[in-house]
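Okay, thanks for coming, everyone. Let me put the structure up and then walk you through it.

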Amino acid sequence: MLDKIQALFDEVNSVAVSSKDDLEKFRIKYISRKGILNDLFEEFKTVANDQKRAVGQELNKLKNLAELQLKSFTEALEQGADESNNSRGLDLTLPVAPNFAGTIHPLTLTRQRVLEIFARMGFSHEDGPEVETDWYNFTALNFPEDHPAREMQDTFFVEKKDVQKDDVLLRTHTSNVQVRLMEHKKPPIRSLMIGRVYRNEAISARAHCQFHQIEGLYVDKKVSFKDLKDTLYHFAKEMFDKDTKIRLRPSYFPFTEPSAEIDISCFICKGSGCNICKHSGWVEIAGSGMVDPNVLINSGIDPEEYTGFAFGMGIERITMLRYGIKDLRLFFENDVRFLRQFEGA
Ligand code: PHE
């Protein structure tokens, strides 16, 4: 019997337990009422009296070892479970934490859409400076010196010079890029000019001292007013609604002649009258016209050979119409509650 006990010492010592199941198996096999130790104590009753003392000592040692093992296995398992719960902080039943990847700014969404529509009509995209001279912002665009039309665009001046056309200012529209483009490129020119512009206006829900414009310019042989109308009609249908109608109202810009404001039929109420269109059924979206021959001459293009049209619109205005936004200031406040609404737009 001593041999059997000796072998069991080795066995109990070498047992490895890695789960609660293993632990329970160990307990049943050695310690439970039907376990090996119990059998051994039964067998012990039959041991000869002169050996009882020696065998009894060994048997008690084996029992202690088995109980010690059970205790340390239990503790090790509990500690392991604690570690995985607390220190790694994992609860696999919790819902996944939302992953905010950021959203595209609504003005960028509109800009991308406008670019896309015009790209399919063959328009490229040009950039120009925001800090500009009077020449490119006004004089070359046929604003005569001290002409009241300059007052229409409340200008931020950076530097006054001796000669008016040299004054440095923040551009009040993207039309400055028209002149720069025509100076360097010979027709045909078919480009969009997009960017930030500045006007000294009181900030309100409808006006801001900085906003964005998209301007289009098409100069080639025999470009007509009909081309302007067709282009903007196609744009309005693509941008807003395929049933959108357009209306042209006579207007005035120093750099275009004739000039027209472009209205679209209200795509919210379909013309029956609502708050957006102030119950007129129409909303204004752009200024436009045929490029004034003086502008072509100032940019080095012969108006006898070439004609062109131009149009300009505010990205904020188009975006407000598109998404029903009532306050222009929201675009510049960076409030994530506003911006997150454009997730997936
Ligand atoms: N530049 C004009 C503005 O800011 C818009 C415009 C552009 C009008 C091109 C006609 C042609 O008001």
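One bit of vocabulary before anything else: two strands pair if DSSP finds at least two bridges between them. Helices (H or I, at least four residues) and strands (E, at least two) are DSSP runs, numbered from the N terminus. Keep in mind that this is a predicted model, where local features need pLDDT of at least 70 and side-chain atom pairs count only at pLDDT 80 or more, while totals for chains, interfaces and linings use all residues. Residues are numbered from 1 along each chain as its sequence is written, and side-chain values use heavy atoms, leaving out hydrogens and water.

So, the sheet. It's an open one with seven strands, in the order E1-E5-E6-E10-E9-E8-E7, and the pairing is mixed. At the edges you have strand E1 (124-126) and strand E7 (246-253), each pairing on one side only. From one strand to the next, the twist averages 25°.

Let's zoom in on two of those pairings. E5 and E6 run antiparallel, joined by 10 bridges, and tyrosine 198 stands opposite glutamine 210 in E6. Two helices also pack on the sheet. H5 touches E1, E5, E6 and E10, and its direction makes about 165° with that of E5. H8 touches E7, strand E8 (256-265), E9 and E10, and its direction makes about 30° with that of E10. For those angles, axes are lines fitted to C-alpha atoms, for helices over the stretch in contact, and angles run from 0 to 180 degrees between N-to-C directions. Contact, by the way, means heavy atoms within 4.5 Å.

The other pairing is E7 with E8, which is antiparallel over seven bridges. These two strands form a hairpin with two residues between them. Proline 250 has alanine 260, in E8, as its bridge partner. E8 is also home to proline 258, and the peptide bond leading into proline 258 from glutamate 257 is cis, with omega near -5°. There's another cis peptide bond between proline 187 and proline 188, with omega about 5°. Proline 188 sits in the loop between H7 and E5.

Now, what's inside? I'll call a residue buried under 20% relative accessible area, exposed over 50%, and partly exposed in between (1.4 Å probe, protein chains only). Which residues of helix H10 (residues 315-323) are buried? They are Ile315, Glu316, Ile318, Thr319, Met320 and Leu321. Their cover includes helix H5 (106-119), strand E5 (189-198), strand E6 (210-220), helix H8 (225-239), strand E9 (282-291) and strand E10 (307-314). Just after H10 comes glycine 324, with a positive phi of about 65°.

Here's another inside residue: threonine 174, in the loop between strand E4 (168-170) and helix H7 (176-184). Threonine 174 counts as buried because its relative accessibility is 0%. Leaving aside neighbours within four places in sequence, its contacts include Met193, Ile194, Gly195 and Gln213.

On to the rings. Rings of Phe, Tyr and Trp (its six-membered ring) pair if their centres lie within 6.5 Å; planes under 30 degrees apart count as stacked, over 60 as edge-to-face and the rest as tilted. How many aromatic pairs does a search of the whole structure find? It finds 15. One of them is phenylalanine 138 with phenylalanine 143, edge-to-face at 4.9 Å centre to centre and 70° between the planes. Phenylalanine 138 is buried, at 1% relative accessibility, and so is phenylalanine 143, at 2%. There's also an aromatic cluster made up of Phe118, Phe123, Tyr218, Phe235, Phe309 and Phe311.

Last stop, the cysteines. A disulfide is a pair of cysteine sulfur atoms within 2.5 Å, and a search of the whole structure finds zero. Why is cysteine 269 not bonded? Its closest cysteine sulfur, in cysteine 266, is 3.6 Å away, which is too far for a bond. For cysteine 277, the closest is the sulfur of cysteine 269 at 3.7 Å, again too far. Cysteine 269 is buried at 13% relative accessibility, and cysteine 277 is buried at 3%.

Compare that with lysine 278, in the loop between E8 and E9: lysine 278 is exposed, at 62% relative accessibility. Its phi is near 50°, positive in a residue other than glycine. Histidine 279 is in the loop between E8 and E9, exposed at 58%, and has a positive phi of about 60°. That's my tour, thanks.
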